[in-house]
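Visitor: Could you walk me through the aromatic contacts here? I'd like the reasoning along with the answers.

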Amino acid sequence: MDYIKSNEDLINMIEKNSMIIVYFGSEMCGVCAALKPKIEEMLEKYPKIKSVQVDVDISPEMAAANNIFTIPGILFFIDNKEAIREARFISVPDIESKISRYYHMYFEQ
């Protein structure tokens with residue numbers, strides 16, 4: 001996952017990519033540190049999904065601008081529209097189930 005540091009850059013990434021997952025976390029958050037590799041591993045199955053990470057300690061304004069008040073948090077966009085929003089108690093299998101459905105509908109029509 002690439003780090004992104006400004007909301008303007010995030011908006012540009014969302015606009016440029018048909019599917020993008022935005023992971024909000026912190027280096028100081030143990031749950032975030034445990035979840036991030038699981039998300040990255042899951043995303044290896046979906047090569048057409050762009051992924052970026054926001055460190056809320058470095059860019060708290062980005063979390064606030066995107067209504068992320070607890071971490072870890074995930075936003076998933078399809079064609080510039082939010083499709084999934086998960087925070088705090090994130091289940092990777094549940095997210096993968098949702099993403100897989102969208103991915104196959106979008107790319108395998």
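Visitor: Which residues form one aromatic cluster?

Guide: Bear in mind that this is a predicted model. Ring centres have to lie within 6.5 Å to pair, and the structure holds 4 aromatic pairs. One of these is Tyr46 with Tyr103, at 5.0 Å centre to centre. The cluster is made up of Tyr46, Tyr103, Tyr106 and Phe107.

Visitor: Is the pair of Tyr46 and Tyr103 stacked, tilted or edge-to-face?

Guide: Look at the angle between the planes, which is 70° for Tyr46 and Tyr103. Anything over 60 degrees falls in one class, so this pair is edge-to-face.

Visitor: How many residues apart are Tyr46 and Tyr103?

Guide: Tyr46 sits in the loop between helix 2 (30-43) and strand 3 (50-55), while Tyr103 belongs to helix 4 (residues 92-107). Both Tyr46 and Tyr103 are buried. The pair links distant parts of the chain, 57 residues apart.

Visitor: What about Phe76 and Tyr102: how is that aromatic pair classed?

Guide: Their centres are 6.3 Å apart, with 35° between the planes. Stacked needs under 30 degrees and edge-to-face needs over 60, so Phe76 and Tyr102 count as tilted.

Visitor: Which residue of that pair is buried, Phe76 in strand 4 or Tyr102 in helix 4?

Guide: Buried means under 20% relative accessible area. Tyr102 comes in at 29%, so it is partly exposed. The other partner has a relative accessible area of 0%, so the buried one is Phe76.

Visitor: And how many disulfides does the structure hold?

Guide: Cys29 counts as buried at 14% relative accessibility, and Cys32 does too at 2%. A disulfide needs two cysteine sulfur atoms within 2.5 Å. The number of disulfides in the structure is 0.

Key:
Residues numbered from 1 in each chain as written. Predicted model: local features only at pLDDT ≥ 70, side-chain atom pairs only at ≥ 80, totals over all residues. Heavy atoms only, no water. Phe/Tyr/Trp six-rings, centres within 6.5 Å; stacked < 30°, edge-to-face > 60°. Helix = DSSP H or I, 4+ residues; strand = E, 2+ residues; numbered from the N terminus. Buried < 20%, exposed > 50% of the residue type's maximum accessible area, 1.4 Å probe, protein only.
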